[in-house]
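The text below walks through one chain and asks how its parts meet.

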Amino acid sequence: MPELPEVETVRLTLAPAVGSRVTAIWTSGLPLRLNRPIDIPALTRASRGHTLEGIRRLGKYLLLDFDGRARGTVLVHLGMSGRLRLGPRAAPRADHTHVIWRMGDRELRFSDPRRFGLVSTLERGREREHPSLAKMGPDPLVDTVDGACLHAAARRSRRTLKALLLDQHVIAGIGNIYASEALWQAGIRPLLRAHRLSRPRADRLAQAVREVLDRALGHGGTSLRDFVDADGNAGEHAHYLWVYGRDGEPCPRRGCNGRISRVVHDGRATFFCPRCQHP
DNA sequence: AGACAAACCTGTCTGC
DNA sequence: TGCAGACAGGTTTGTC
């Protein structure tokens, strides 16, 4: 489900929880990503009895920073179907709820039907020692992801550009939807070999990545099915997608009379216009 | 190195 | 109406 704009939308809508103290924790006991159980003692140490001081995002990961001697951070990844919701304690519990942080008369709840998500803990200042974050690349909304940086990564890779964009070690936060969208905006074929990307086209692609993510964030993210923000609202960006999920439809680029194609690459649906996206 | 498939799991949609 | 199969925003692991 969630790529960078969706995760950032969750982060922004979770802001009202900042300043709240966790009074109790509940977990389902079911394992999440990789069949790994949640480390309940570590989660308790990091958050119970502590006040949520702030929420950060690194790529598709959220980091919930708590105060107290432990200065613990709870790491959350939403996987494909994960949700973080903030609501009244009395609200009915959604199916597949796995973690609840009680905060006075409100609760922060993590639910995830497919259980591809992650809830873990780490020590503040040691983010980069966590295996999930250790090799994470720059984040386009926070760090500089420009043509120079993209070109440098591309020139030493013989993979396709789509695969490069999806590699979180290269750029953090792009997923399957926005990889196709950014390549369409830049007018570049997804299956072009990365090392053949010229510097001017790298500039265009870097610009496209930023614009695509910004635009989606402005719409509160893309809800194809599952995604909702912390208040339970769906994002609007699905109405504005140019190519993702639109195979057979006319290319939306002005003056282009092509039709959107769908191919499967690396086992994932990839959408592009064969007419205006050049190899 | 990188392509590919399978694995993790549930829900939804399609076609018969 | 039921059932089988395909497919889904992600990441990890293993094989070739």
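Between the two domains of this predicted model, 17 residues of domain 1 are in contact with 19 residues of domain 2. The domain assignment of chain A places domain 1 at 4-129 and domain 2 at 147-272. The C-alpha centres of domain 1 and domain 2 are 28 Å apart.

The size of an interface is often expressed as the accessible area that is lost when the parts come together. Here the area buried between domain 1 and domain 2 comes to about 1,500 Å², and carbon and sulfur atoms give 62% of that area. On the side of domain 1, the residues that lose the most area to domain 2 are Pro-5, Glu-6 and Arg-83. Together, Pro-5, Glu-6 and Arg-83 make up 33% of what that side buries.

What kinds of polar pairing link domain 1 and domain 2? Seven residue pairs are in polar contact between domain 1 and domain 2, counting pairs with both residues at pLDDT 80 or more. The count of salt bridges between domain 1 and domain 2 is zero.

Turning to secondary structure, helix 1 (4-13) and strand 5 (83-88) each supply at least two residues of the side of domain 1 that touches domain 2. Helix 1 gives the most to that side, with eight residues. By residue type, the side of domain 1 that touches domain 2 divides into eight nonpolar, four polar and five charged residues. Five charged residues thus lie on the side of domain 1 that touches domain 2, while the salt-bridge count between domain 1 and domain 2 is zero.

Methods:
Residues numbered from 1 in each chain as written. Chains lettered and ligands numbered in written order. Predicted model: local features only at pLDDT ≥ 70, side-chain atom pairs only at ≥ 80, totals over all residues. Heavy atoms only, no water. Domains from an automatic or database assignment. Contact = heavy atoms within 4.5 Å. Buried area = accessible area lost by both parts, 1.4 Å probe. Salt bridge = Lys/Arg side-chain N within 4 Å of Asp/Glu carboxyl O. Polar contact = N/O pair within 3.5 Å; in protein donor to acceptor, adjacent residues only side chain to side chain. Helix = DSSP H or I, 4+ residues; strand = E, 2+ residues; numbered from the N terminus. Nonpolar A, V, L, I, M, F, W, Y, C, P; charged D, E, K, R; others polar.
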